[in-house]
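Trainee: I should like to work through a protein model step by step. May we begin with its enclosed space and then turn to its ligand?

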Amino acid sequence: MKIAIVCYPTFGGSGVLATELGISLCKHGHKVHFIAYKKPVRLNNLSENLFFHKVNVPDYPLFNFQPYELALSTKLVEVIKDNSIDLMHVHYAIPHAYAAYMAKMMLKDQGIHVPIVTTLHGTDITLVGNHPFYKTAVNFSINKSDIVTCVSESLKQDTLDQFDINIGIEVIPNFIDISKYVEQQKKCDFENNVSNEFIIAHVSNFRPVKNIKNVILVFNNIQKEIPSRLLMIGEGPEKEMAEQLCKELSIMGKVEFLGNSNQVEKNLCHSDLFLLPSNTESFGLAALEAMASKVAVISSNAGGLSEINIHGETGYLTHPDDIELMSEYAISILKDPRVLDKFKNKAFKQSKAFDINNVVPIYEKIYKKALKGG
Ligand code: GMT
């Protein structure tokens, strides 16, 4: 198949997932064309089956806001015609599903039929998409897709609760390539970094929804009882606040802000515990990446996190703001090596259910269905 994938090219989960999916589809013999305003961060090597097309938005002084959707739909029409694309798979509804529908209509006008598969990722529904300024257009473009998928049961329910949906929604969970994590684990074991400090990790785009303040406050409680360090991986608007809080708590010496990383598994494989106290989280790809790295997870119970993190087995779940309980759980796991080992092993075992080899074939089936008429 020839597939056009539209996604955000940044470190957010939807872009990461779309990129890993495209790379895997290529390995399955498909030709994949990525379309975005920048080359996706995890798209390292292009090949004869893997292409990238940049959406350029010219700056025109009359416009207060440059019309990205217009440029994207124009680019989609061009790429689809030039490369005889069979279908569009757009990740994150805003504005991708909307631009794809415009492209589909423009192509229809020229006698070309190209179906749209839309994957909803989370904040496109729960945080941004339901804003009254966007909702009508988001609702319209979801319903106009040929097939709609979303990444968790929880997100499916949120979509049905918050929008007027007249199309079926298929749940296809996020995935990881387990073999990559197993490989990395071997390298880590070989390095055999002996330290008496436990490593606590957090990975995100440091947006308010990630509740970063609570990561720092929970770590502050942990480090009072247990020798430990915190790795903060990512960049975003809350980073300065987090650094300031660490200074105020006098724990800056125990916290490393590592910035964005393309290879989180290199840090995760040395980690013991992952903290994700998000206010909303449709799935929590970062938590799954931690679990695949044999790391126990203390997360909030928001959204779809309970579909991956099993309370009392792979980690614990609490209310996003229950700092005391999160700290208590964290300390209870870390203070007994046998308990820690048990949680780590269960986390790894649970992550295997989300292996790329189980999930990518589901997308292939969906594509065939879309080509047959949805
Ligand atoms: O807010 C983010 O974490 C980024 C966002 C995105 O769309 O880039 O992530 C969402 O999609 C990921 C991939 O499906 C999910 O694993 C994340 O849980 C989801 N984030 C939220 O719902 C907050």
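The questions below concern a predicted model.

Trainee: How many cavities of 30 Å³ or more does the structure hold, and what is the volume of the largest cavity?

Mentor: A cavity is a space where a 1.4 Å probe fits but cannot get out. The structure holds one cavity of 30 Å³ or more. The volume of the largest cavity is about 80 Å³.

Trainee: Which helix gives the most to the lining of the largest cavity?

Mentor: Helix 1 (13-27), helix 7 (178-191) and helix 11 (285-292) each supply at least two lining residues. The lining includes V16, L17 and E20. With three residues, the greatest contribution is that of helix 1.

Trainee: How do the lining residues of the largest cavity divide into nonpolar, polar and charged?

Mentor: Among the lining residues are F175, I176, D177 and K180. Their division is seven nonpolar, no polar and five charged.

Trainee: Where does the largest cavity lie with respect to domain 1 and domain 2?

Mentor: Domain 1 comprises 2-175 + 355-371, and domain 2 comprises 178-354. Both give residues to the lining, so the largest cavity lies between domain 1 and domain 2.

Trainee: What share of the ligand's accessible area does the protein cover?

Mentor: The ligand is surrounded by 18 residues, with H121 and N174 among the closest. A polar side-chain atom of H121 lies 2.6 Å from a ligand oxygen atom, and a polar backbone atom of G284 lies 2.9 Å from an oxygen atom of the ligand. Of the 480 Å² of accessible area that the ligand has on its own, the protein covers 95%.

Key. Residues numbered from 1 in each chain as written. Predicted model: local features only at pLDDT ≥ 70, side-chain atom pairs only at ≥ 80, totals over all residues. Heavy atoms only, no water. 1 Å grid on protein atoms, 1.4 Å probe; cavity = no way out; pocket = protein on both sides within 12 Å on 5 of 7 lines; lining within 4 Å. Points joined across faces, edges and corners; volume = space filled by probe spheres on them. Helix = DSSP H or I, 4+ residues; strand = E, 2+ residues; numbered from the N terminus. Nonpolar A, V, L, I, M, F, W, Y, C, P; charged D, E, K, R; others polar. Domains from an automatic or database assignment. Near = heavy atom within 4 Å. Polar contact = N/O pair within 3.5 Å; in protein donor to acceptor, adjacent residues only side chain to side chain. Areas by Shrake-Rupley, 256 points an atom, 1.4 Å probe, with all protein chains shown as cover.
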